[in-house]
Amino acid sequence: RRALALPADAPVVALLPGSRGSEIAHMAALFIQAAMAMRKARPALQFVLPVVPGMRPAVDAAIAAVPGLADQAQAVRILDGQSHEALAACDVTLIASGTATLEAALFKRPMVIAYRMNAVSWQILKRMNYQPWVGLPNILLQSFVVPELLQSAATPQALAQETLAWFDNPVRCTRVAEQFTALHLDLRRDTARLATDAIANLIRR
């Protein structure tokens, strides 16, 4: 928090709307709107939004496309990169579905997973219906450990409500941190040994 110039005792939400252009187009303004709804309910909240180097213009364009949002967005501190610092500093993260959700789990952070995409892609994915979860932590734990709000369900109000709910339930936060710690330990492997064993098996063939 000192490195990001954040108050040591303030509640902090990290906003991670994704790293690809399409994700930023669909998610950046949505996450800012959710942050403003949260800030209206709890003015003490601090917000940080790490941006992949080179994607700041896309974030600014997404925010500018929503009338009046650019002025409100001043309350969100936009960072150049530093996603790991943001996750380490935050109490809760509002995060786009993807590999970043696993990183957040390894930081033992409560989260709300959200995703939006174009309507055609969404219909194709819905028809596939591979499994009930999209977020990596939920997939790995085979349970809705953290909320997932997708497509039309991912409204600013719903995202704000689900994110604020973590602050109201410290027992739930402790429980999910314990689950993520167990997941972290389960994922740890002696990768070098496993790789050499696999190569040795191939050579023996």
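Biologist: How do you know the handedness of the crossing of α1 and α2?
Modeller: In this predicted model, the crossing of α1 and α2 is right-handed. A crossing gets that name if the near helix is turned clockwise from the far one by less than a right angle.

Biologist: Why are α1 and α2 called oblique to each other?
Modeller: Helix α1 (residues 21-41) and helix α2 (residues 56-64) pack at an angle of about 60 degrees. Roughly parallel needs under 35 degrees, and roughly perpendicular starts at 65. The angle fits neither class, so α1 and α2 are oblique. Their axes are 8 Å apart.

Biologist: Which residues make that contact, and of what class?
Modeller: From α1 come I24, A28, A29 and I32. From α2 come A58, V59, A62 and I63. The contact has 8 nonpolar, no polar and no charged residues.

Biologist: What makes α8 roughly perpendicular to α9?
Modeller: The axes of helix α8 (residues 156-167) and helix α9 (residues 170-187) cross at roughly 90 degrees. The class covers 65 to 115 degrees, so α8 is roughly perpendicular to α9. The axes come within 6 Å.

Biologist: What makes up the contact of α8 with α9?
Modeller: A165, W166 and F167 of α8 meet P170, R172, C173 and V176 of α9. By class there are 6 nonpolar, no polar and 1 charged residues. Arg counts as charged, so R172 is the charged one.

Biologist: Why is T101 called buried?
Modeller: T101 has a relative accessible area of 0%. Buried means under 20%, so T101 qualifies. T101 is found in helix α5 (residues 99-106). Beyond its neighbours within four places in sequence, its contacts include I95, M111, I113 and L136.

How values were computed. Residues numbered from 1 in each chain as written. Predicted model: local features only at pLDDT ≥ 70, side-chain atom pairs only at ≥ 80, totals over all residues. Heavy atoms only, no water. Helix = DSSP H or I, 4+ residues; strand = E, 2+ residues; numbered from the N terminus. Buried < 20%, exposed > 50% of the residue type's maximum accessible area, 1.4 Å probe, protein only. Contact = heavy atoms within 4.5 Å. Axes fitted to C-alpha atoms, helices over the stretch in contact; angles between N-to-C directions. Parallel < 35°, antiparallel > 145°, perpendicular 65-115°, else oblique.
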